[in-house]
Each structure stands twice: as C-alpha cells, then as structure tokens.
Amino acid sequence: KEIFAHHSFCVADDGTIFVPSLDIVDAPVMIGNTDAKIVSESGKVYKDCIRMLDPDGNELGRIPILDALFNSGFNGHLIRENASVVSTEDPTHLNDVQLIGDAADQLDGINAGDLLVSLRNINLIGVLDPKTQRFKWLSSGASVGQHSPRPYKQGFVLLDNLGGDQELGGTQVVYIDYATGMPTTLLPRPGVEMPDSCRTINSGHVDIPWGSKHALVTVTHEGAIWEVDLETGEVEWEYIYAEPGTGGERRMILCAKYVDDVSFLGVETDGDA
C-alpha cells in the first residue's frame with residue numbers, strides 16, 4: 001500500500017491495522033489557530049498521521065497527528081518562546097502506535113481501543129482517542145528521542161534513547177507513572193551489573209507482555225537483545241548479532257518480540273517463545 005507507511009504498527013482483534021504514515025505537504029503549515037507556522041528549507045513538511053486499514057489494505061480512516069495535538073490544546077509542544085517560525089521538515093516523527101488493550105483496566109479514563117503513540121522529535125508519548133481524534137493524556141520531556149512505549153503496571157515503559165546517564169551509555173529504559181507523570185529509570189541502575197554499554201542513538205525497541213515483569217530490550221547500535229527483569233533491573237540473558245567471518249563485528253538489530261504462536265513456522269512450543 002503506497003501510503004508512506006513507516007515504523008511500528010499494530011493490529012486489532014478485528015483485523016484493523018493502525019499504521020504510522022505521513023502526507024508530504026507544502027510549507028508553511030500553520031500551528032493551530034496561532035500566527036506561528038512550520039517551514040522548511042525544502043519547502044515541504046511531513047505531516048504524520050495514523051491510517052486505519054482493513055486486512056485487505058483498504059483505508060478505513062486516518063488521524064492527522066498535528067491536528068490531534070492542536071485540537072487537544074497542545075500548540076506549545078511545537079512553538080518555542082519568541083519563535084513564531086519553526087523550521088523543520090519533520091515536526092513530530094511518529095514512530096509507534098499501539099492499542100492500549102487490557103492495560104486500560106489500570107488506567108483511569110483510558111479505553112482498550114485507545115492508542116499509545118510516540119512522537120520522537122518532540123520527546124512526547126501520549127494516549128489518543130481514535131474516535132474523537134484528541135489526546136487524553138500525554139507526557140513530554142521525560143525522555144529524549146524515545147521509541148516503543150508499552151503499557152506496564154499503572155503507567156508506561158519506553159526506551160529513552162538519549163536521556164540517560166552518559167557514563168552508563170546514555171540510553172535507558174524508563175517507567176512513567178500514569179497518575180503522576182513522574183519518570184523512574186528501570187535500566188541501567190547503579191550497582192546492577194550490565195553486560196555491555198546501554199547505548200543506541202536511535203531506533204531500539206522494548207516488548208513487554210501485559211502482566212509480565214520481563215521485557216525484551218533491543219539495543220540496536222550494540223547489536224544486542226537483553227531479557228530484563230524490570231523489577232530488579234537485572235539482565236537475565238543476552239543475544240549478540242555478530243556477522244559471521246568478521247571476527248565478531250556486530251550488526252544492528254531493530255526489534256525483538258515475544259510471540260505466543262509460532263505455528264506459521266511449523267514449530268511447536270509450550271507457552272511463550
């Protein structure tokens with residue numbers, strides 16, 4: 001489907017696909033009803049949106065991300081003080097959309113069909129109502145260039161690419177409490193041994209089965225996957241992707257996920273794999 005689809009998508013139980021996409025439009029793009037605007041040297045702006053597709057790829061609807069921010073009253077995430085002109089081709093950089101699912105039972109005012117999204121270029125994650133196309137909740141500034149927010153306990157866990165302690169690598173896994181908005185670093189932790197530097201300047205991934213204390217953390221630029229105990233911060237095992245015949249030269253890994261059913265591979269498993 002030629003819709004400039006990109007990054008991480010999700011699929012609902014009824015087969016509806018929620019996929020990050022974008023429209024390339026001419027600049028300037030006005031910021032809500034203010035006098036501020038988005039411009040770029042190329043004269044083009046990437047307007048992120050979430051497209052909803054049926055299993056055959058037919059478009060069922062779309063949610064423009066900038067409009068959702070502006071209509072929810074969050075113009076200030078694009079406008080800076082004394083700057084009525086914002087110069088960028090890529091103002092939001094939507095890099096993940098996930099259904100809240102069963103976690104809604106732990107989050108007041110949130111429904112299972114709401115969407116958890118990550119906007120990398122403004123350091124923001126938020127919960128978006130696909131029916132009203134407005135944000136119900138958001139957190140901005142608790143991470144830098146983050147990826148893959150996931151529901152966990154009474155909040156969300158994400159990979160904070162650039163907001164961590166430089167001495168520990170600069171990348172961290174952060175928990176954001178839904179009620180208070182306060183962040184807590186889960187990995188790396190002082191005094192807890194790490195197998196390697198926690199560092200990926202971009203990309204990376206976190207996967208957490210709902211109700212589990214374990215997560216798969218993909219550290220892209222270290223070429224590593226770690227299974228982490230989120231309660232203790234301990235790395236329980238590590239996988240390294242090394243190129244054969246290169247003396248151990250590492251290659252990037254973009255994503256690792258738990259799967260319950262791998263029957264499509266002709267493999268039988270007991271429980272999670």
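Two strands are said to pair if DSSP finds at least two bridges between them, and this idea of pairing helps in reading the sheet described here. The model is a predicted one, and this briefing takes up its strand pairing, its largest nonpolar core and its largest pocket in turn.

**Strand pairing**

- Within strand β10, which covers residues 124-129, and its antiparallel neighbour β11, six bridges make the connection, and Val127 is the residue that stands opposite Trp137 in β11.
- These two strands belong to an open sheet of four strands, ordered β8-β9-β10-β11 and paired in antiparallel fashion.
- Because β8 and β11 (134-140) stand at the edges with a single partner strand each, one side of each is left without a neighbour in the sheet.
- Neighbouring strands of this sheet are turned against each other by 20 degrees on average, with direction ignored.

**Nonpolar core**

- The largest nonpolar core has 27 residues, and Phe18, Ile38, Ile50, Leu69 and Leu78 are those with the most contacts inside it.
- At least two residues of this core come from each of β5 (44-53), α1 (65-71), β8, β9 (115-119) and β10, while the largest share, five residues, is supplied by α1.

**Largest pocket**

- The largest pocket, with a volume of about 950 Å³, is lined by 26 residues, of which Cys10, Gln98, Leu99, Asp207 and Lys257 lie nearest its centre.
- Two or more residues of this lining are given by each of β1 (10-11), β8 (94-99), β12 (147-152) and β16 (205-207).
- By residue class, the lining of the largest pocket divides into 14 nonpolar, seven charged and five polar residues.

Definitions and conventions: Residues numbered from 1 in each chain as written. Predicted model: local features only at pLDDT ≥ 70, side-chain atom pairs only at ≥ 80, totals over all residues. Heavy atoms only, no water. 1 Å grid on protein atoms, 1.4 Å probe; cavity = no way out; pocket = protein on both sides within 12 Å on 5 of 7 lines; lining within 4 Å. Points joined across faces, edges and corners; volume = space filled by probe spheres on them. Nonpolar A, V, L, I, M, F, W, Y, C, P; charged D, E, K, R; others polar. Axes fitted to C-alpha atoms, helices over the stretch in contact; angles between N-to-C directions. Core = buried A, V, L, I, M, F, W, Y, C linked by side-chain atoms within 4.5 Å. Buried < 20%, exposed > 50% of the residue type's maximum accessible area, 1.4 Å probe, protein only.
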